[in-house]
Amino acid sequence: MKKNLLLIFALLLLSVFVAACGNGKSDTAEGNTDVASADAATDNGETKKLRISLGLNDKTPLYKSSEKFKELVEEKTDTLNVEIYHSGQIADDRSAIEMLQFGTLEITIPSTAPFTSFVPEYGVFDLPFTLTNTDIVDKVLQGEVGDALAEKASEQGVKQLAWWENGFRQLTNSKRAVEKIDDLQGLKVRTMENDIHLGAWKAMGANPTPMAFTELFTAMQQKTVDGQENPYPTILLEKYPEVQKYLTETNHIYSPFIFLISQKTWDGLTEEEQKIVESAALEAGEHNRQLSRETAKSALDELKEQMQYNKVSDSELEKFKEAVQPVIEKHKGSIGEEFVDQYLDAIKGAE
Ligand code: KDG
């Protein structure tokens with residue numbers, strides 16, 4: 001009898017001990033980290049952990065430039081430890097941005113499109129056919145418009161440290177070649193979670209569906225969507241030719257990536273650490289733009305071997321531009337008339 005009581009007591013003690021330790025996993029409402037988010041910011045009291053959440057995989061210029069950022073930071077200080085999580089392992093773009101606001105994640109580098117839910121002014125980049133080449137892009141982003149946007153980001157509890165590059169977006173689909181605007185009729189195109197993209201593809205006759213990047217490949221594989229639009233490096237390196245047959249060069253939008261750090265994380269860094277992190281984000285951004293542009297060229301050559309490629313003629317593209325004009329007019333209001341005019345003037349000034 002005494003033995004049984006002792007056994008029950010030992011089992012009770014064990015169950016209490018296990019419950020107190022937890023499983024080390026923490027599922028935040030927004031994301032899924034395999035480190036307890038409570039102490040994620042510090043490794044062991046001496047170093048601060050900077051986790052970077054990316055939507056793209058570890059073959060892309062975005063990931064390789066994040067490795068460059070890690071190298072630049074860790075060669076300058078041993079008080080910061082950078083960890084890179086790719087393919088949406090921690091969260092999709094919008095959830096990652098919310099985690100930065102809460103301070104449960106340190107860094108994310110999304111396209112600007114999902115960020116417009118937080119700062120509408122970033123929607124200028126979603127106005128189709130406005131940015132037309134990388135020289136103009138660099139002048140606009142490194143000028144007043146770029147600075148004004150970074151300033152607005154800080155009102156949302158995140159700090160934009162640098163402009164990186166996603167690139168000029170192109171269309172792919174599994175149904176048919178898109179030579180003219182009529183070929184878009186009824187095509188189920190996935191768009192980023194952004195009303196301007198949605199409105200633009202509707203205006204061109206497609207049947208668009210907004211979707212997080214993390215769900216895109218499966219949606220194409222299961223034919224829930226016919227197509228999507230992304231820059232050449234993403235199309236190639238995320239293996240879209242496995243599930244898409246047609247590639248159409250449209251250059252309909254230029255997407256920047258924005259290097260965002262949680263304001264809470266930023267405020268927890270020393271002045272010296274802030275200098276190191278900011279200069280690393282800027283230097284890795286220069287590396288990223290160069291790598292992105294080189295990769296876009298080589299990726300197109302490879303994609304032409306794997307997909308049926310066509311470029312929409314300039315005359316036909318005029319019909320695409322005409323179709324989206326009302327969408328641009330409509331969203332001047334949601335973005336802010338004055339800021340859109342400042343953006344369009346900056347483009348004219350850079351031409
Ligand atoms: O990490 C960035 C991606 O999550 C995403 O922003 C890429 O352009 C993109 C898309 O189509 O969602």
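Which elements each supply at least two residues of the lining of the second largest pocket? Helix H5 (144–153), S6 and H10 do. Helices (H or I, at least four residues) and strands (E, at least two) are DSSP runs, numbered from the N terminus.

Before going on, a word on the model. It is a predicted one, where local features need pLDDT of at least 70 and side-chain atom pairs count only at pLDDT 80 or more, while totals for chains, interfaces and linings use all residues. Residues are numbered from 1 along each chain as its sequence is written, and side-chain values use heavy atoms, with hydrogens and water left out.

## Open spaces: the pockets

Rolling a probe the size of a water molecule over the atoms shows where empty space is left. Here that is done on a 1 Å grid over the protein atoms alone: a cavity is a set of points where a 1.4 Å probe fits but cannot get out, and a pocket is an open set with protein on both sides within 12 Å along at least five of seven lines. Lining residues have an atom within 4 Å of a point. Grid points are joined across faces, edges and corners, and a volume is the space filled by probe spheres set on the points.

The largest pocket holds about 300 Å³ of space. It has 16 lining residues, and Phe-168, Tyr-232, Arg-293, Ala-296 and Lys-297 are the closest to its centre. Two or more lining residues come from each of strand S6 (158–168), helix H8 (232–237) and helix H10 (271–306), with H10 giving the most, 5 residues.

Back to the second largest pocket, at about 240 Å³. It is lined by 16 residues, and Asp-147, Leu-161, Ala-162, Trp-163 and Leu-282 lie nearest its centre. H10 has the largest share of this lining, 6 residues.

## Closed spaces: the cavities

A search of the whole structure turns up 3 cavities of 30 Å³ or more. The largest cavity has about 180 Å³ of space and 19 lining residues, with Asp-93, Ser-111, Arg-190, Met-192 and Phe-213 nearest its centre. The second largest cavity has about 60 Å³. Its lining includes Leu-56, Glu-165, Asn-166, Phe-257 and Ser-292, and helix H2 (61–76), S6, H8 and H10 each give two or more residues to it.

Here is how the linings split by class. Ala, Val, Leu, Ile, Met, Phe, Trp, Tyr, Cys and Pro count as nonpolar, Asp, Glu, Lys and Arg as charged, and the others, Gly among them, as polar.

| Space | Nonpolar | Polar | Charged |
|---|---|---|---|
| Largest pocket | 6 residues | 6 residues | 4 residues |
| Second largest pocket | 7 residues | 4 residues | 5 residues |
| Largest cavity | 9 residues | 5 residues | 5 residues |
| Second largest cavity | 5 residues | 5 residues | 1 residue |

## The ligand

So where does the ligand sit? The space it takes is the largest cavity (a molecule sits in a cavity or pocket if more than half of its atoms lie within 2 Å of its grid points). Around the ligand are 14 residues, and the closest are Gly-55, Asp-93, Ser-111, Asn-166 and Arg-190; being near means having a heavy atom within 4 Å. By class, this shell has 7 nonpolar, 4 polar and 3 charged residues.

Polar contacts are pairs of N or O atoms within 3.5 Å; within protein, one must be able to donate a hydrogen and the other to accept it, and residues adjacent in sequence count only if both atoms are side-chain atoms. Gly-55 has a backbone N or O atom 2.8 Å from an oxygen atom of the ligand. Ser-111 places a polar side-chain atom 2.8 Å from a ligand oxygen atom, and for Arg-169 a polar side-chain atom also lies 2.8 Å from an oxygen atom of the ligand. Taken alone the ligand exposes 330 Å², of which the protein buries 99% (areas from the Shrake-Rupley method with a 1.4 Å probe; for residues, only the protein chains shown count as cover).
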